[in-house]
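Thanks, everyone. I'll keep this brief. Please have a look at the sequence and the model first.

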Amino acid sequence: QTDGQMNSCDILIKNGRVIDPANNVDGHFDVAISGGRIAEVAAGIEGGAAEVFDADGLIVTPGLVDLHAHVYDKVIPLGIDPDHYCLGRGTTTVVDAGSAGADNFAGFRAFAIDRCRTRILGFLNISRMGLACSGLGGDSNMPGELDLMKFVNMEHCVDCIEANRDVLVGVKIRLSNSIADNGRNEQASFELAVEAARATKLPLMTHHSFSAVPLEDCPGNMVAGDVYTHCFHGFPSTIINPDTKEIEVPVQRARDNGVLFDIGMGQGSFNWTVAEFATRAGFWPDAIGTDLHAGTCEGPTYDMPTAMSRILHLGMPLPEVIRCSTVEPARAVRWDDRIGTLGQGRDADVAVFAIEAVDMDLEDCQSQMRRVSQLLVPKAVWRAGKPAAITKARAFPNAETIEAQKTWWPRLLVRDESL
């Protein structure tokens, strides 16, 4: 905060509750924007403004930072338009989680990063083709990115990262038997991904479900700063022991060693039962990534504010929910000196939300339901000081996706006793 004295600004956001965990700010302040940057955060800012937004009764935050999405739109089957599904819901920065590999990253840069208003960073897939063949519905005839070891090239991955360090922030690997020659290529691919991450001195992000790689290795042998995404899924490789309902020992050890745990909600990776067991044990996520893609953006995930609302329902206090959606994901990709904060002089990435009282059932990824009483709803967003239109899901909740997601229920190791 500053002293509240300034001559004029382009945009003045007044009267809101400003929550900026990076700067330990939580109170009623005004936010002044000039020249696309944060000019001042203070109570009762005086002076002229070209535009005034009254945020009375609303929450003002840094633009959200989504640590996990897939935004290679119209190129990979999973790709979505980040300006509609992310920026239009208050997410000003998206970290793409391995949509591109070394062989198709140039296209990702040209057709996603350079063309979208949303700021896009990326984890580079250890597979040279990224997710070019990864589609929806578990089609067993669709080739996986690790089905052949010739798809995995550590040197190409490292070279691509070194040539694009302005936007590439780490290495990504999916560890699932269905995309790795029935699991036969998982361990070798994992070792190459680890090697690439260590060579570039950047974090490794792992997707780990239905995997032949044991928890003792992933996340057990990951290092501080690495990211274990999809942390609350209930399928084989879940972090919860199905018998004891406790956190598996290698998982707790990984957290104690500094490995970061991301929600990565997605189409199948958020399970109310797992989340409840974990959070009751004090095992909270470090980041609230969405895994937004073509199979999740109209349900079951919908968007980042809805994902945040689920974590709020679990009992995480609102300021911590904001922390896990702004400065913590920014810190995970080592961009916390630039994004995830309303610090003076930073790009004016700002979001405004209402907390709306509701009484409704909200699904997890297998259509288990919980009765929620509040939702975080986007009301306004600015990216570098320029406003973007707020967008909405076609249907919320979406009865069609709720019904479709029930088909995954029998494969869960941890679940509610009945629907």
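Let's begin with the space inside. About 40 Å³ lies in the largest cavity. One reminder before we go on: this is a predicted model. How many cavities of 30 Å³ or more are there? The count comes to one.

What lines the largest cavity? The glycines are Gly63 and Gly340. Thr92, Thr93 and Thr341 line the cavity too. Then come Val65 and Ile339. Arg338, Arg346, Asp347 and Asp349 complete the list. By type, the lining divides into two nonpolar, five polar and four charged residues.

Next, the sheets. As general background, strands of a sheet pair through backbone hydrogen bonds, parallel or antiparallel.

Take the open sheet. Seven strands make it up, with parallel pairing. Read across, the order is E6-E7-E8-E9-E10-E11-E12. Which strands sit at the edges? They are E6, residues 64-69, and E12, residues 260-261. Each of these pairs on one side only.

Now step inside that order. E9 covers residues 168-175, and E10 covers residues 204-208. This pair is parallel, over five bridges. One example: Arg174 has His207 in E10 as its bridge partner. Helix H4, residues 186-200, lies across both E9 and E10. H4 runs at about 170° to E9.

On to the antiparallel pairs. E13 takes in residues 350-363. E13 pairs with E5, residues 59-62, over four bridges. There, Thr61 is matched with Ala351 in E13. E13 also pairs with E14, residues 369-383. That antiparallel pairing runs over twelve bridges. Within it, Glu356 has Leu375 in E14 as its bridge partner.

What do E13 and E14 form together? A hairpin, with five residues between the strands. Look at Ser367 in the turn: its phi is positive, about 65°.

Last stop, Trp272. This residue is found in helix H6, which spans residues 272-280. Buried or exposed? Trp272 counts as buried, because its relative accessibility is 0%, and the cut-off for buried is under 20%.

What does Trp272 touch, leaving aside neighbours within four places in sequence? Its contacts include Arg310, His313 and Leu314. Leu362, Glu363 and Asp364 are also in contact with Trp272. So are Gln368, Met369 and Arg370. Set that beside the hairpin: E13 ends at residue 363, and E14 starts at residue 369.

One more distance for Trp272. His233 is 39 residues away along the chain. The C-alpha atoms of the two are separated by 8.8 Å.

That's the tour. Over to you.

How values were computed: Residues numbered from 1 in each chain as written. Predicted model: local features only at pLDDT ≥ 70, side-chain atom pairs only at ≥ 80, totals over all residues. Heavy atoms only, no water. Pairing = 2+ DSSP bridges. Helix = DSSP H or I, 4+ residues; strand = E, 2+ residues; numbered from the N terminus. Contact = heavy atoms within 4.5 Å. Axes fitted to C-alpha atoms, helices over the stretch in contact; angles between N-to-C directions. 1 Å grid on protein atoms, 1.4 Å probe; cavity = no way out; pocket = protein on both sides within 12 Å on 5 of 7 lines; lining within 4 Å. Points joined across faces, edges and corners; volume = space filled by probe spheres on them. Nonpolar A, V, L, I, M, F, W, Y, C, P; charged D, E, K, R; others polar. Buried < 20%, exposed > 50% of the residue type's maximum accessible area, 1.4 Å probe, protein only.
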